[in-house]
Amino acid sequence: MGSPCLKDISTTFHQIDTRTEQATVLPSQLDVIQLRSRQNIAYSTAQYINFYNCIWLILNDTIVGTTVGIFFMENAHRLANVLSPQIKGYTVDSIQEALLWLDNWPVGLKLNTELSRFLCLLFRGLTDVWARTLLMVIPFFPHLIIFLGMSGRFGLTVMLSLISDALSLLTIHLYLGYIIATTLFSQLTSVAGSLWRVFRGKRRNVLRNRTDSWDYDLDQLLLGTILFTLITFLFPTILVYYTLFAFTRVIIIGIHATLETCMAFMNHFPLFAMMLRLKDPRRLPGGVYFDTANASKGSLELKNQPISYGRIFFQHVRIWSKLSAHYDPRRLLKCLVTGTIITPIQRYKIVYNVIPRHSPNSLHIPKEKRD
């Protein structure tokens with residue numbers, strides 16, 4: 001596998017890629033609209049709807065983004081004074097307080113003192129390093145907010161993508177802590193599972209993917225039992241620290257998912273198609289049917305069947321099914337229990353299909369006609 005692209009790492013670059021793709025498709029759609037070929041009416045109509053829908057969405061995005069950006073620029077210092085203590089409180093102070101609380105036998109749970117002190121110092125040291133970095137960045141918050149407001153001229157989606165990337169940078173120390181805690185938890189559960197099989201006289205058969213009985217020597221059973229007991233007593237200490245960082249990770253991913261859902265809504269909502277469907281359903285034909293109201297008189301009337309709302313939102317339904325499957329609470333709970341790292345959904349899985357630039361069964365258009 002190759003190295004990941006910038007659009008797969010940064011939400012801002014992904015939004016720029018989306019807008020670039022829309023900009024490259026619009027000229028070809030305009031050519032199809034101007035030609036108004038009757039050889040493939042369905043394709044021409046789809047390009048017509050997609051073209052004006054994209055124009056409407058970009059204009060609405062730009063108008064709303066400019067309005068919000070002006071508010072940000074005019075209130076940059078006030079917003080900086082409000083956000084600075086909030087960001088420091090949630091990303092630094094609350095985490096350090098939670099670590100100190102876990103290190104002092106929370107709710108009467110007696111943890112391993114040495115291991116708890118080591119983990120507490122490790123995660124607090126990581127948080128202190130980020131706190132010093134944050135204190136160096138806080139004086140520049142007004143300038144960053146002004147830059148965020150200026151980006152609103154390119155649309156509200158660009159502002160949301162910058163906020164999403166800023167959230168990733170502001171919580172990078174929590175992500176590193178989550179990686180460390182998850183690695184310790186998963187390795188500990190894996191070793192505990194292996195020792196539990198030794199304790200029961202079993203072993204894992206990798207070739208046949210099953211657990212078989214096995215005769216261990218007495219010294220092997222004794223060593224396995226001692227190590228299993230040791231891990232059992234250390235497990236609660238690892239568990240509480242893992243729970244803390246897993247909880248923060250779920251919250252951060254929830255915020256990212258909300259921001260990306262808003263951006264997808266503003267980038268691909270079928271606004272123009274919905275307006276046509278409400279204003280004049282006949283302009284969105286989904287088929288024909290025979291009206292049998294006058295069947296007793298021996299006549300049938302051929303009528304237009306407007307396209308259903310389900311077919312208008314078919315891509316949204318497909319994307320929503322993938323999102324709901326990825327963020328299914330049962331799947332997230334399984335990841336938490338097994339110590340699997342929870343990651344946001346990969347962006348290529350929630351890309352909306354773009355209508356091809358050329359109809360698959362369209363005839364060759366002469367050059368003089370295009371001119």
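**Exercise 1. The surroundings of H326**

Task: Determine which residues H326 touches, in which helix H326 lies, and whether H326 is buried or exposed.

Solution. Step 1: setting aside residues up to four places away in sequence, H326 touches R331, L332, T343, P344 and I345. The model examined here and in the other exercises is a predicted one.
Step 2: H326 belongs to helix α12, which covers residues 314-326.
Step 3: the relative accessible area of H326 is 14%. Buried means under 20%, so H326 is buried.

**Exercise 2. The protein as a whole**

Task: State how many helices and strands the protein has, what share of its residues is buried, and what area it exposes.

Solution. Step 1: the secondary structure consists of 14 helices and four strands.
Step 2: the protein has 371 residues, and 35% of them count as buried.
Step 3: the exposed area is about 23,500 Å². Carbon and sulfur atoms supply 66% of this area.
Step 4: a further value concerns contacts in the protein with a separation of 6 or more; residues 24 or more positions apart account for 73% of these.

**Exercise 3. Helices α5 and α9**

Task: Establish how the axes of α5 and α9 are arranged, and which residues of the two helices meet.

Solution. Step 1: helix α5 spans residues 113-137 and helix α9 spans residues 218-268. Their axes come within 9 Å and cross at roughly 25 degrees.
Step 2: angles under 35 degrees count as roughly parallel, and α5 is therefore roughly parallel to α9.
Step 3: the crossing of these two helices, α5 and α9, is right-handed.
Step 4: on the side of α5, the residues are L115, S116, L119, C120 and F123; on the side of α9, they are L234, T237, I238, Y241 and F245.
Step 5: sorted by class, the residues of this contact of α5 with α9 comprise eight nonpolar, two polar and no charged.

**Exercise 4. F245 in helix α9**

Task: Find whether F245 is buried or exposed, and which residues F245 contacts.

Solution. Step 1: F245 is located in helix α9, and F245 is one of the α9 residues that meet α5.
Step 2: the relative accessibility of F245 is 2%, so F245 counts as buried.
Step 3: apart from neighbours within four places in sequence, F245 is in contact with L99, F123, L174, G177, Y178 and A181.
Step 4: Y178 lies 67 residues from F245 along the chain, yet the C-alpha atoms of the two residues are separated by 5.0 Å.

**Exercise 5. Helices α7 and α9**

Task: Decide how α7 and α9 are oriented to each other, and which residues form their contact.

Solution. Step 1: the axes of α7 and α9 are 10 Å apart, and the helices pack at an angle of about 165 degrees.
Step 2: angles over 145 degrees count as roughly antiparallel, and α7 and α9 therefore have that orientation.
Step 3: the crossing of α7 and α9 is left-handed.
Step 4: α7 contributes L156, T157, L160, S161, I163, S164, L167 and S168, while α9 contributes I252, I255, H256, L259, C262, M263, M266 and N267.
Step 5: the contact of α7 with α9 divides into 10 nonpolar, six polar and no charged residues.

**Exercise 6. D61 in helix α3**

Task: Find whether D61 is buried or exposed, and which residues D61 contacts.

Solution. Step 1: D61 is found in helix α3, residues 41-74.
Step 2: with a relative accessibility of 1%, D61 counts as buried.
Step 3: neighbours within four places in sequence being left aside, D61 is in contact with R19, F154, G155, L156, T157 and M266. L156 and T157 of α7 and M266 of α9 also take part in the contact of those two helices.
Step 4: D61 and M266 are 205 residues apart along the chain, and their C-alpha atoms are separated by 6.8 Å.

**Exercise 7. L79 in helix α4**

Task: Find where L79 lies, what its relative accessibility is, and which residues L79 touches.

Solution. Step 1: L79 is placed in helix α4, residues 76-102.
Step 2: its relative accessibility is 22%, so L79 counts as partly exposed.
Step 3: residues up to four places away in sequence not being counted, L79 touches F72 and I145.
Step 4: L79 and P142 are 63 residues apart in sequence, and 7.7 Å separates them C-alpha to C-alpha.

Definitions and conventions. Residues numbered from 1 in each chain as written. Predicted model: local features only at pLDDT ≥ 70, side-chain atom pairs only at ≥ 80, totals over all residues. Heavy atoms only, no water. Buried < 20%, exposed > 50% of the residue type's maximum accessible area, 1.4 Å probe, protein only. Contact = heavy atoms within 4.5 Å. Areas by Shrake-Rupley, 256 points an atom, 1.4 Å probe, with all protein chains shown as cover. Axes fitted to C-alpha atoms, helices over the stretch in contact; angles between N-to-C directions. Parallel < 35°, antiparallel > 145°, perpendicular 65-115°, else oblique. Left-handed = near helix turned anticlockwise from the far one by under 90°. Nonpolar A, V, L, I, M, F, W, Y, C, P; charged D, E, K, R; others polar.
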